[in-house]
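Trainee: Please take one part of this model and go through it closely. I would like to know what surrounds it and how it connects to the rest of the chain.

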Amino acid sequence: MDKQFLARQALLTAIALVCIIALFELTDIDMWFQSKLYQFGPDHWMLDKHNETLRLIFYDGPKNLLAVLVGLSLLAIIVLYRTIRFQPYRRGLLIVLISMAITASLVGLFKTWTDVPCPKDLSAFGGRYPHITFLHRIPISADLGRVRCFPAGHASGGFALLSLFFLFRQRRNRWLGFGAGMLLGWTLGGYKMLIGDHFLSHTLVTMCIAWLVSLGVAACVFRWSRETAGSIPGYEAGYREIEPADRPIH
């Protein structure tokens with residue numbers, strides 16, 4: 001296993017996460033950006049959340065698609081587990097499934113803990129809440145009820161597919177899988193921002209959490225599986241694990 005690659009990615013992502021939180025806590029970028037998506041009137045966000053077509057395309061449709069993906073992946077692992085052609089992909093699929101479950105659960109847990117309002121809930125956009133950020137909570141926030149808007153939950157399903165990076169052998173396919181996760185995550189997150197359900201920072205934080213989870217799950221699965229050099233889909237030369245410890249890698 002290439003521990004350096006996983007450790008480097010985890011460190012860079014953790015640093016990015018801290019910087020994102022600090023930047024949006026110390027500036028008004030969120031409010032400035034969201035104001036560009038608001039038309040200052042009742043339900044005048046750039047997109048109408050009650051539009052059934054848009055909801056099907058950007059909300060219900062992707063949720064159902066992800067559910068089908070999970071079901072097919074589980075079925076493949078159960079039915080094809082011992083099939084020779086499936087061997088190179090079974091651990092990658094396991095990483096994807098575990099990453100999706102942990103990412104969704106972790107983001108959901110954070111949402112209940114942070115208790116941050118959505119843009120549509122703020123008085124600046126026709127709601128009744130003051131602007132409450134993750135770190136700058138105000139005393140009256142405890143009396144405003146449960147809002148649970150930070151980080152972005154809907155986008156977590158899309159960003160969890162960043163774990164597709166670990167499914168494939170070829171470098172090109174790995175980055176295509178990663179790109180698919182980015183595309184779906186930002187499509188779902190962008191829709192939520194356009195209807196006033198999330199700030200930009202909410203989506204960025206979810207993206208970082210999802211990639212950190214994927215890296216952690218990959219490290220655990222690769223360590224558990226003890227694959228030999230070149231047999232695990234991953235970083236350019238393959239994730240290598242030496243057994244015994246002093247055996248050279250060629």
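Mentor: A residue is called buried under 20% relative accessible area, exposed over 50%, and partly exposed in between. By that rule Gly 153, at 23% relative accessibility, counts as partly exposed. The model is predicted, and everything that follows is to be read as a description of that prediction.

Gly 153 is a convenient place to begin. It is found in the loop between α4 and α5. Leaving out residues up to four places away in sequence, Gly 153 touches Val 107, Lys 111 and His 198. Of the partners named there, Val 107 and Lys 111 fall within the range of α4, residues 87-114. The C-alpha atoms of Gly 153 and Thr 206 are separated by 7.6 Å, although these residues are 53 places apart along the chain.

His 198 leads on to a second histidine. The side chains of His 198 and His 202 make a polar contact at 3.1 Å. His 202 sits in helix α7, which covers residues 200-225. With a relative accessible area of 2%, His 202 is buried, because buried stands for anything under 20%. Beyond its neighbours within four places in sequence, His 202 is in contact with Val 116, Pro 117, Cys 149, Phe 150, Pro 151 and Ala 152.

One residue in that list, Cys 149, belongs to a disulfide. Cys 149 is bonded to Cys 118, with 2.1 Å between the sulfur atoms. The link is right-handed, with 115° about the S-S bond. Cys 118 and Cys 149 both lie in the loop between α4 and α5, so the pair ties together parts that are 31 residues apart in sequence. Both cysteines are buried. A search of the whole structure finds one disulfide.

Other cysteines can be set beside this pair. The sulfur of Cys 19 has its closest cysteine sulfur in Cys 208, 9.6 Å away, which is too far for a bond, because a disulfide needs the sulfur atoms within 2.5 Å. Cys 19 is partly exposed at 45% relative accessibility, whereas Cys 220 is exposed at 55%.

The helix that holds His 202, α7, also takes part in the packing of the interior. The largest nonpolar core has 40 residues, and those touching the most other members are Ile 95, Phe 166 and Trp 211. At least two residues of this core come from each of α1 (3-26), α4 (87-114), α5 (154-159), α6 (171-194) and α7. The most is given by α7, with 14 residues. Another core, of twelve residues, lies apart from it and includes Leu 66, Ala 76, Phe 86 and Met 100.

Leu 66 and Ala 76 are also among the buried residues of α3, a set that further comprises Leu 54, Tyr 59, Pro 62, Ser 73 and Ile 77. These buried residues pack against α4, α5 and α6. Helix α3 runs over residues 52-80 and has a kink of about 40° at Gly 61, shortly before Pro 62. Its N-terminal end is capped by Asn 51, with a side-chain oxygen 3.0 Å from the backbone nitrogen of Thr 53.

Back at the largest core, Phe 166 and Trp 211 bring in the aromatic residues. The whole structure holds 17 aromatic pairs. In one of them, Phe 5 and Phe 165 are stacked, 5.8 Å centre to centre with 20° between the planes. This pair joins distant parts of the chain, as Phe 5 is in helix α1 and Phe 165 in the loop between α5 and α6, 160 residues away. Phe 5 is buried at 3% relative accessible area, and Phe 165 is buried at 1%. Phe 165 also pairs with Phe 166, here edge-to-face, at 5.1 Å centre to centre and 85° between the planes. Both Phe 165 and Phe 166 are buried. One aromatic cluster takes in Phe 5, Phe 165, Phe 166, Trp 175, Phe 178, Trp 211 and Phe 222.

To return to the starting point: Gly 153 touches His 198, the side chain of His 198 makes a polar contact with that of His 202, and His 202 is in contact with Cys 149, which forms the disulfide with Cys 118.

Notes: Residues are numbered from 1 along each chain as its sequence is written. This is a predicted model: local features need pLDDT of at least 70, side-chain atom pairs count only at pLDDT 80 or more; totals for chains, interfaces and linings use all residues. Side-chain values use heavy atoms; hydrogens and water are left out. Helices (H or I, at least four residues) and strands (E, at least two) are DSSP runs, numbered from the N terminus. Buried means under 20% relative accessible area, exposed over 50%, partly exposed in between (1.4 Å probe, protein chains only). A polar contact is a pair of N or O atoms within 3.5 Å; within protein, one must be able to donate a hydrogen and the other to accept it, and residues adjacent in sequence count only if both atoms are side-chain atoms. Contact means heavy atoms within 4.5 Å. A nonpolar core is a set of buried Ala, Val, Leu, Ile, Met, Phe, Trp, Tyr and Cys residues joined through side-chain atoms within 4.5 Å. The bend at a residue is the angle between axes fitted to the seven residues ending there and the seven starting there. Rings of Phe, Tyr and Trp (its six-membered ring) pair if their centres lie within 6.5 Å; planes under 30 degrees apart count as stacked, over 60 as edge-to-face and the rest as tilted.
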